[in-house]
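Q: Please take a close look at a single part of this model. I would like the detail first and then its setting in the whole chain.

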Amino acid sequence: LKATTRLMLRAGYPTARTQLLTVRAMASSAGGSSAKRQLQVAHILIKDKGKKDFLDDLARQVTDGASFFDLARKHSECPSAKSGGELGWLSPGSYFPEFEEAAFKAQVGQFVNAETPVGLHLIHVKKERSLPDVQQMSAEELAELLQNPGLWEDVQFVDVREDWEFATAKLPHFKLYPLSRFSEWGSTISQELEPSKETVVLCHHGVRSMQMSTYLVSECGFTDVKNVTGGIDAYSLRADSSVPRY
């Protein structure tokens, strides 16, 4: 699929900045532009926006030395709670703008709060690194691709969610490679897929898929990788409401 067929500015998710683009690798610098960096983040999600005091209390517990991992497992209402709130590497334009704004303004090691359409977040900024060459694809662009056999027949579709997520909601043509089972397929992915072919990567909200996209580009030599911005949740919201949300 030629990139020029999708070089149109669309109302994407979670921001309007969903023009198909190539993200250029740049040197990482603390306090610099978010466009230069990726952040490794974990979070605790509280869906009830009326519980700001509760989130503040969790923040105080962390500041006093409590384990963020343990608090996330106990209190977070995100599927990432099972892994202590770990979201992986966050790239600009791949998640809720309110979440990204708070995270990219923070220093490595800091804990910050954010409010997004899905609830309240306590964010732990763990690490940062320079951004690899990965393209972003909006939910609308993915829908256009899936609806046109002449376009998707030469595309590789990769879903990095868990088995239970895949059973809950899935899209046609995507093959499951759960990121949590990386040890099972990480060493053979370059043989199972063709590094020179267009590869579209999907997850729940676009964070894990960006981590996978980064791996394919930086470690496996894939040359045409596109991360679905906002993941399957954005696809359900903006392209096909028949796809279940969870």
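What follows is a request about one helix and a connected answer to it.

Q: Take helix α4, residues 139-146. Which of its residues are buried, and which elements do they pack against? Please go on from there to the cores and the rest of the chain.

A: The model is predicted. Start with the helix itself. Helix α4 spans residues 139-146 and is mostly covered, with 7 of its 8 residues buried. The buried ones are Ala139, Glu140, Glu141, Leu142, Ala143, Leu145 and Leu146. The list holds two glutamates, Glu140 and Glu141, along with alanines and leucines.

Now the surroundings. Strands β6 (134-137), β7 (155-159), β9 (198-202) and β10 (225-228) pack against the buried residues of α4. So do two helices, α5 (149-152) and α10 (231-238).

Next, the core. The largest nonpolar core has 18 residues. Leu142, Phe157, Leu171, Phe174, Val200 and Tyr235 touch the most other members. At least two residues of this core come from each of α4, β7, β9 and α10. Helix α4 gives the most, 5 residues.

Phe174 shows how the pieces meet. Its contacts, leaving aside neighbours within four places in sequence, include Leu142 and Leu146. Both of these α4 leucines are buried. Phe174 also contacts Phe157, Val158, Asp159, Phe166, Val200 and Leu202. A second, separate core has 17 residues, among them Val158, Tyr177, Ile189 and Leu193. Val158 is thus a member of that second core and a contact of Phe174.

Turn to the sheet elsewhere in the chain. Four strands form an open sheet in the order β3-β2-β5-β4, with antiparallel pairing. Its edge strands, β3 (86-90) and β4 (111-116), each pair on one side only. Neighbouring strands are turned by 35 degrees against each other on average, direction ignored.

Look at the β4 edge. Strand β4 pairs with β5 (residues 119-130) in the antiparallel sense, over 6 bridges. A hairpin of 2 residues joins β4 to β5. One bridge links Glu115 to Leu120 of β5. Strand β4 has two faces. Val112, Ala114 and Thr116 form the covered one. Phe111, Asn113 and Glu115 form the uncovered one.

Two helices lie across this sheet. Helix α3 (residues 97-105) crosses β2 (37-46), β3, β4 and β5, and runs at about 165 degrees to β4. Helix α9 (residues 207-218) lies across β2, β3 and β5, at about 55 degrees to β3.

Finally, the whole chain. Its secondary structure comes to 10 helices and 10 strands. Of the 246 residues, 50% are buried. Among contacts with a separation of 6 or more, 68% join residues 24 or more positions apart. The chain exposes about 11,000 Å², and carbon and sulfur atoms supply 50% of that area.

A word on confidence. The average pLDDT of the chain is 85, and 85% of the residues score at least 70. Residues 1-33 stay under 50. For that stretch the model has 88 contacts beyond four places in sequence.

Technical notes. Residues are numbered from 1 along each chain as its sequence is written. This is a predicted model: local features need pLDDT of at least 70, side-chain atom pairs count only at pLDDT 80 or more; totals for chains, interfaces and linings use all residues. Side-chain values use heavy atoms; hydrogens and water are left out. Buried means under 20% relative accessible area, exposed over 50%, partly exposed in between (1.4 Å probe, protein chains only). Contact means heavy atoms within 4.5 Å. A nonpolar core is a set of buried Ala, Val, Leu, Ile, Met, Phe, Trp, Tyr and Cys residues joined through side-chain atoms within 4.5 Å. pLDDT is the predictor's confidence in each residue, from 0 to 100. Two strands pair if DSSP finds at least two bridges between them. Axes are lines fitted to C-alpha atoms, for helices over the stretch in contact, and angles run from 0 to 180 degrees between N-to-C directions. Accessible areas come from the Shrake-Rupley method with a 1.4 Å probe; for residues, only the protein chains shown count as cover.
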